[in-house]
Amino acid sequence: MTTETALLAAIADGSPGAHEVYADWLVERGDPRGELIHVQLARETVPTDPLLEARERELFAAHLATWLPGDQFWLDRTPEVTWRRGFLDGAVFGSSYEAASAQGYAEVAVLPVAAMLRELEFHAPYSHHGEGADDDMIVEALLAAPPPP
């Protein structure tokens, strides 16, 4: 088991202390997501601190394209995501057909920031009502990369 795998396993219980250790580990390696984790943990205690809010915005502005590359999505709409402690907490995938939503999920699920995903929604206004290959693609994507327990 790698150090990172062990640290990710430790934070799965939601302990802020374990998140701090993981954040420190990332910072030691020059990964700015470690600072994001520190900032978001601090905002849990002081949610309206203007300096923390500003720093969080700065980190997202500087690094979001690296953490969640937008060019991976071949959806009609960019996924809506929420962040918690430096990880995606929730994601809503929407496109005209299930296949695109499934592909979007499959591409996001393998990203390091998706390791703690807790809420997941798919929105697709058009369906084959269980009769087409598109309808099976979401199930296949979830089976290939299931969300964390």
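## Helix 2 against helix 3

The crossing of helix 2 and helix 3 is left-handed. This comes from a predicted model, and here the two axes approach to within 7 Å, crossing at roughly 150°. Because angles over 145 degrees count as roughly antiparallel, helix 2 is roughly antiparallel to helix 3.

Which residues of helix 2 and helix 3 make the contact? From helix 2 come P16, H19, E20, Y22, A23, D24, L26 and V27, and from helix 3 come R33, G34, E35, I37, H38 and L41. Sorted by class, this contact holds 7 nonpolar, 3 polar and 4 charged residues.

## Helix 1 against helix 2

Helix 2 (residues 16-28) also meets helix 1 (residues 3-11): their axes come within 8 Å and cross at roughly 155°. That angle makes helix 1 roughly antiparallel to helix 2. The crossing of this pair is left-handed.

On the helix 1 side, T3, E4, L7, L8, A10 and I11 take part, and they touch A18, H19, V21, Y22 and W25 of helix 2. By class, the residues of this contact are 8 nonpolar, 2 polar and 1 charged. If you are following individual side chains, H19 and Y22 are worth finding in the view: they are among the helix 2 residues that touch helix 1, and they are also listed in the contact of helix 2 with helix 3.

## Helix 3 against helix 4

Moving along the chain, helix 3 packs against helix 4 (residues 50-67) at an angle of about 145°, with the axes 10 Å apart. The crossing of helix 3 and helix 4 is left-handed.

Helix 3 brings R33, E35, L36, V39, Q40, A42 and R43 to this contact, while helix 4 brings L52, E53, R55, E56, L59, F60 and W67. How many of these residues are nonpolar, polar and charged? The contact of helix 3 with helix 4 divides into 7 nonpolar, 1 polar and 6 charged. R33 and E35 appear here, and both are also part of the contact of helix 3 with helix 2.

## An aromatic pair

Across the whole structure, a search finds 5 aromatic pairs. One of them joins Y22 and F87, whose ring centres are 5.9 Å apart with planes at 20°, so the pair is stacked. Y22 sits in helix 2 and F87 in strand 2 (residues 87-94), so this pair links distant parts of the chain, 65 residues apart.

## How far to trust the model

The protein has an average pLDDT of 80, and 68% of the residues score at least 70. Where is confidence highest, and where is it lowest? Helix 3 (residues 33-45) is highest, at 97, and helix 6 (residues 133-144) is lowest, at a mean of 63. Where pLDDT is low, the predicted coordinates should not be read in detail.

How values were computed: Residues numbered from 1 in each chain as written. Heavy atoms only, no water. pLDDT = per-residue confidence, 0-100. Helix = DSSP H or I, 4+ residues; strand = E, 2+ residues; numbered from the N terminus. Axes fitted to C-alpha atoms, helices over the stretch in contact; angles between N-to-C directions. Parallel < 35°, antiparallel > 145°, perpendicular 65-115°, else oblique. Left-handed = near helix turned anticlockwise from the far one by under 90°. Contact = heavy atoms within 4.5 Å. Nonpolar A, V, L, I, M, F, W, Y, C, P; charged D, E, K, R; others polar. Phe/Tyr/Trp six-rings, centres within 6.5 Å; stacked < 30°, edge-to-face > 60°.
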